[in-house]
Amino acid sequence: MKLHNQLLIALVAGFAAGTVAHAYGDVGAVQVLGNDILRPIGQIFLRTIFMIVVPMVFSALVIGVYELGQTHGLGGVAARTLGFTLILSTASVTLGVLMVNLLRPGDGLDLGSEAAASAAVQTLQTNAAAAKPLSDILIELIPRNPLDSAVRALDGEMLAFMVFAVIFGVAVSRARSADGERNILVRVLEQVFDACMRIVGFAMRLAPIAGFAIVFNTARTFGTDVFASLLLYVITVVAALLLQQFVVYSAVLWGFARRSPLTFFRECREVYLYAFSTASSNATLPLALEVAEQKLRLSPRISRFVLTVGSTANQNGTALFEGVTVLFLAQVYGLDLTLGEQVRVMLMSIVAGVGTAGVPGGSLPMVMIVAQSVGVPAEGMALILGVDRFLDMCRTAVNVSGDLVIAALVNGSAAPRTEPA
């Protein structure tokens, strides 16, 4: 049985079993199964992937920038990547804002005890208050200590680490080997990248079991009860994400990349399922790189650059979620946002999508920052915490899909198409 079928069966089974286990959460056997057996399996699998993200990101970016620099194509690829990212992010946030204004999921919702301040909300408030001004963010894109940024890459320093890798790759591309052959450092990094992909191959053998374990514990912890009061909100977010995935992405794939959307989505289904189960763009990056080169037949020099940068800088699904959530909470509190304020929310959501960490729950502090900018009380965040894990899984799949779509768009606009090495 193919991996995507195994993953799908594992995720459905994990969700069903976890939902049943949620009803028996106090039973010792259920806690032992979830905490002592399945949780270690899921976490060991994720840590196996996370441990190679930093060397893989560095090697992929340096190699991609080196090869683009050799053909003087770096500027064009970077410009097209940025352009397509802004177009798709704008489309996603606009779609989300239209959906939340059409369905109005927050009208008449009783706050009840769910909106009371909690430890989780207070943590989010602390994280949001610690956010740096834009000037500091721009300055810190250039790391003083790249090794320190590498150590903290999975805790929010990934973008600075990527900037260093790009600058380093440009410098390497300007160096010339004495014998005229390929730069020896690039050859070493190619071996590093290949080793990382082999580790991914080993890890993917455990993917169905790990996927079951992760989804089981998610469903066991939260259950489905939290969806009852927020059903329309969940429907609004998921519907907007589905429209972004199957309408917007299909349109640009067909119109700009001249690719069949159905064929494209079918080739990427393993990535989507894996992104859904892990809720992490960073954890999904190794598999996305493999699929882009082996199944989508994208140029490695383009896909490695676009996908690696996109795992942090292109978060279409997250930007959509942030826009919908802020307007939903405004409706809950009876705040009638003007058109100008809604446009402000859209712009801030697009920017916040770029600065969101590619890890589970990484978007919540950003949502609070955007919400507070239009007067939405911080306590309202408690409303969505119960359903955020499920929505995080959904928007991560759209985020990763957006990265692959942009890689295909950039690859399609570069002639001639290069086959993978």
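How do the residues of the lining of the largest cavity divide into nonpolar, polar and charged? The structure shown here is a predicted model, and its enclosed spaces are a convenient place to begin. Rolling a probe the size of a water molecule over the atoms shows where empty space is left. In this model the count comes to three cavities of 30 Å³ or more, and the largest cavity has a volume of about 100 Å³.

Helix H10 (207-222) and helix H19 (382-412) are the elements that give two or more residues to the lining of this largest cavity. H19 supplies the largest share, five residues. Among the lining residues are Phe15, Val215, Thr218, Phe222, Arg389 and Met393. As to their character, the residues of the lining divide into eight nonpolar, three polar and one charged.

A second site to examine is valine 291, which is found in helix H14 (residues 281-294). With a relative accessible area of 2%, valine 291 falls under the 20% limit and is therefore buried. Leaving aside neighbours within four places in sequence, valine 291 is in contact with Glu267, Cys268, Val271 and Leu296. Of these partners, glutamate 267 is 24 residues away from valine 291 in sequence, while their C-alpha atoms are 7.6 Å apart in space.

The contact with Cys268 leads to the cysteines. Cysteine 268 has 0% relative accessibility and so counts as buried. Cysteine 196, at 5% relative accessibility, likewise counts as buried. A disulfide requires a pair of cysteine sulfur atoms within 2.5 Å, and by this rule the count for the model comes to zero disulfides.

Conventions
Residues are numbered from 1 along each chain as its sequence is written. This is a predicted model: local features need pLDDT of at least 70, side-chain atom pairs count only at pLDDT 80 or more; totals for chains, interfaces and linings use all residues. Side-chain values use heavy atoms; hydrogens and water are left out. Buried means under 20% relative accessible area, exposed over 50%, partly exposed in between (1.4 Å probe, protein chains only). Helices (H or I, at least four residues) and strands (E, at least two) are DSSP runs, numbered from the N terminus. Contact means heavy atoms within 4.5 Å. On a 1 Å grid over the protein atoms alone, a cavity is a set of points where a 1.4 Å probe fits but cannot get out, and a pocket is an open set with protein on both sides within 12 Å along at least five of seven lines; lining residues have an atom within 4 Å of a point. Grid points are joined across faces, edges and corners, and a volume is the space filled by probe spheres set on the points. Ala, Val, Leu, Ile, Met, Phe, Trp, Tyr, Cys and Pro count as nonpolar, Asp, Glu, Lys and Arg as charged, and the others, Gly among them, as polar.
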